[in-house]
Amino acid sequence: MNAKDILDSKGRKIFAVTEDTTVFEAISELANNKIGLLIVKNATGNISGVLSERDIIQKCIYLKKDPEMLRARDIMTPKENIVVAAEEDDIQNLMNTMTEKRIRHLPIFGGQALSGIISIGDIVKSMIEIKDYEIKSLIDYISGNYPR
């Protein structure tokens, strides 16, 4: 299973805000959509960074800054620091990257285009589905209920 398979299963909806969006508005977007990461776009519509729950906590809430006064651009992780993956990357590689980098979301690219975002929850769900299928196949094989 690779990133493309996970995106095909979960969907490819990408939530984005502009650099000028207030952090308060970004928090609303995260909460309303039950997500943990937003893509931040500049005035021309190109990706300039990402804004995560962790960015908000560490760079706004913890420092007691007003989320209505800060803009996404003030606390986002800039494009050059974003960890990304490709649609062809397998699930083990995705999990290793997320674990090593201590991140919970990976923007996924198909060529040069952003095709979706995978969370650590998506990885865990997919791995459980794989293991459940393997266990069922082994049980069927042992019990003689396998196709001949």
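These questions and answers walk through a predicted model of one protein chain.

Residues are numbered from 1 along each chain as its sequence is written. Local features need pLDDT of at least 70, side-chain atom pairs count only at pLDDT 80 or more, totals for chains, interfaces and linings use all residues, and side-chain values use heavy atoms, leaving out hydrogens and water.

Trainee: In what order do the elements of the protein chain run from the N terminus on?
Mentor: Helices (H or I, at least four residues) and strands (E, at least two) are DSSP runs, numbered from the N terminus. The protein chain has six helices and seven strands. Their order is α-β-α-β-β-α-α-β-β-α-β-β-α.

Trainee: What radius of gyration does the protein chain have?
Mentor: The radius is taken over C-alpha atoms, and the globule rule is 2.2 Å times the number of residues to the power 0.38. For a compact globule of 148 residues, that gives a value near 15 Å. The C-alpha atoms here fill a box of roughly 65 × 30 × 25 Å along the principal axes. The radius of gyration of the protein chain is 19 Å.

Trainee: What percentage of the residues count as buried?
Mentor: Buried means under 20% relative accessible area, exposed over 50%, and partly exposed in between (1.4 Å probe, protein chains only). The protein chain has 148 residues. The buried share is 34%.

Trainee: Which element gives the most residues to the largest nonpolar core?
Mentor: A nonpolar core is a set of buried Ala, Val, Leu, Ile, Met, Phe, Trp, Tyr and Cys residues joined through side-chain atoms within 4.5 Å. Of the 14 residues in the largest one, V23, L38, V40, L51, I56 and I75 touch the most other members. Two or more residues come from each of α2 (23-33), β2 (37-41), α3 (53-61) and α4 (72-75). The top giver, with three residues, is α2.

Trainee: Which residues is I56 in contact with, leaving aside its neighbours within four places in sequence?
Mentor: Contact means heavy atoms within 4.5 Å. I56 is among the core residues that touch the most other members. Its partners are V23, I27, L30, L51, I61 and I75.

Trainee: Why does G111 count as exposed?
Mentor: G111 lies in the loop between β6 (105-110) and β7 (113-119). The C-alpha atoms of G111 and E134, 23 residues apart along the chain, are separated by 32 Å. G111 counts as exposed because its relative accessibility is 60%.
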